[in-house]
Amino acid sequence: MFHIVDTRVLLCWGLTVVSAAYIDLTHPVNEKTVYWLKEKFELEPTVRRTDPYWAASNKLSTPEHGGTHIDAPYHFNKDGWKLGQVPLNRLFMVEGVLINKTEEVLKDPEYQLTAKDIKDWEEENGALPSNCVVLVKFGWGIRYPDRVKYFGLKSDDDFDRHFPTISGDAADYLVQSGKVFGIGIDTASPDIKDDMIFHRKTSKHNIFILENLDLKNIEGIPSRGFKLAIQPMKIEEGTGGPIHVVLVNDEKEGKEKEEDKEVVK
Ligand SMILES: [Zn+2]
């Protein structure tokens, strides 16, 4: 017997389950995965056998920086942590906060988040917690995986990108707070100019960046009071790599575990 309780939203299309306690912030990795340049994720079948039993295996090939992924500090800081060196306490069940600028981006698709925006958020929600990851939602993820729309291009052969970003002074403010392990966004990069100022200022302090997050399904998530489980492949020498990110809503988590017990019975 299977019952749906009001605190949980179940969208069952195949095996996809979206719940209010655990929300997947990851775009699926497939042939539509968006890369900064025109690159592709490839999954090549290497084994398909039916006799004497079923066996299947693939070979995968991907640039590090595509789809939902992490930029390790080493990406723009030669002395920074490589992917395999980022400490686990900075990735697993880390405190998250959410700054939502969807409405501003509707008015200005090249909106730039500033230090003032972060200070305004703190006025409303209290100071940033220590050891946190700051998520910035621009509402841009609805364009994913349409590469032209997502990068704000005129055509598929255009490289003049237009999308919302984060300013260098916001990077300074986050660094100076001493409270931030990482920043996550629902665009391809906090930087659009070649100076890569946000990347350089943050990676200098071993702060990581999560790019191309899927933040569509976080309606109703409070501005603070949730955790993130950020799970990268342990590419020892990586400058970054694909991640699976799950938001854990503190308020709902205990309750959902109780409900799971009921389902198991
Ligand atoms: Zn990257």
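**Exercise 1. Helix H4 and its surroundings**

Task: In this predicted model, state which elements the buried residues of H4 pack against, and work out why those residues line one face of the helix.

Solution. Begin with the partners: the buried residues of H4 pack against strand S6 (112-113), H2, S7, strand S8 (165-166), S9 and H5. Next, identify the residues concerned, which are Gly-168, Ala-170, Ala-171 and Leu-174. When the helix is viewed down its axis, the buried residues of H4 fall within an arc of 155°, and they therefore line one face of the helix. The general background is that an α-helix has 3.6 residues a turn, so residues three or four places apart point the same way. Finally, look just past the end of H4, where Gly-178 takes a positive phi of about 65°.

**Exercise 2. The nonpolar core**

Task: Determine which residues have the most contacts inside the largest nonpolar core, and which element supplies the largest share of this core.

Solution. The largest nonpolar core has 54 residues, and those with the most contacts inside it are Val-134, Leu-135, Val-136, Val-180 and Ile-183. At least two residues of this core come from each of S5, helix H2 (115-125), S7, helix H4 (168-177), S9, strand S10 (208-211), strand S11 (224-232) and strand S12 (240-249). The largest share, five residues, is supplied by S7. To see the surroundings of one core residue, take Leu-135, which touches Gly-96, Val-97, Leu-98, Gly-184, Leu-213 and Leu-215 once residues up to four places away in sequence are set aside. As a general point, nonpolar side chains in soluble globular proteins tend to be buried together.

**Exercise 3. Strand S12 and its partners**

Task: Establish why S12 is described as largely enclosed by the rest of the structure, and then find how many bridges join S11 and S12.

Solution. Start with burial: seven of the 10 residues of S12 are buried, so this strand is largely enclosed by the rest of the structure. Then take the pairings in turn. Strand S1 (residues 22-24) and S12 run antiparallel and are joined by three bridges, with Asp-24 standing opposite Val-246 in S12. Strand S4 (residues 69-71) also pairs with S12 in the antiparallel sense, over three bridges, and here Asp-71 stands opposite Gly-240. S11 and S12 pair in the antiparallel sense over seven bridges.

**Exercise 4. Lys-227 in strand S11**

Task: Decide whether Lys-227 counts as buried, partly exposed or exposed, and identify its bridge partner in S12.

Solution. Lys-227 is placed in strand S11. A residue counts as buried with 20 or more other C-beta atoms within 10 Å and as exposed with 12 or fewer; Lys-227 has 17 C-beta neighbours inside 10 Å, and therefore counts as partly exposed. The bridge partner of Lys-227 in S12 is Val-248. The C-alpha atoms of Lys-227 and Leu-247 are separated by 5.8 Å, although these residues are 20 apart along the chain. Leaving out residues up to four places away in sequence, Lys-227 touches Met-93, Val-94, Glu-95, Gly-96, Val-248 and Asp-250.

**Exercise 5. Backbone exceptions**

Task: Find where Met-93 and Met-196 lie, and which residues are joined by the cis peptide bonds that involve Pro-52 and Pro-145.

Solution. The general expectation is that most residues other than glycine have a negative phi, and that most peptide bonds are trans. Met-93, which is not a glycine, has a positive phi of about 55°, and this residue lies in strand S5 (residues 92-100). Met-93 is partly exposed, with 13 other C-beta atoms within 10 Å. Met-196, likewise not a glycine, has a positive phi of about 50° and lies in the loop between strand S9 (180-185) and helix H5 (197-203). Met-196 is partly exposed, with 15 other C-beta atoms within 10 Å.

Turning to the peptide bonds, a cis bond joins Asp-51 and Pro-52, with omega about 10°, and Pro-52 lies in the loop between strand S2 (42-49) and strand S3 (55-61). A cis bond also joins Tyr-144 and Pro-145, with omega about 5°, and Pro-145 lies in the loop between strand S7 (132-137) and helix H3 (147-150).

**Exercise 6. Confidence along the chain**

Task: State the mean pLDDT of the chain, and find what the pLDDT is over residues 1-19.

Solution. The mean pLDDT of the chain is 91, and 88% of its residues reach 70 or more. Over residues 1-19, however, the pLDDT is below 50, and this stretch has 22 contacts in the model beyond near neighbours in sequence.

Technical notes: Residues are numbered from 1 along each chain as its sequence is written. This is a predicted model: local features need pLDDT of at least 70, side-chain atom pairs count only at pLDDT 80 or more; totals for chains, interfaces and linings use all residues. Helices (H or I, at least four residues) and strands (E, at least two) are DSSP runs, numbered from the N terminus. A nonpolar core is a set of buried Ala, Val, Leu, Ile, Met, Phe, Trp, Tyr and Cys residues joined through C-beta atoms within 7 Å. Two residues are in contact if their C-beta atoms, placed from the backbone, lie within 7 Å. The arc is that of the directions from the helix axis to the C-beta atoms. pLDDT is the predictor's confidence in each residue, from 0 to 100. Two strands pair if DSSP finds at least two bridges between them.
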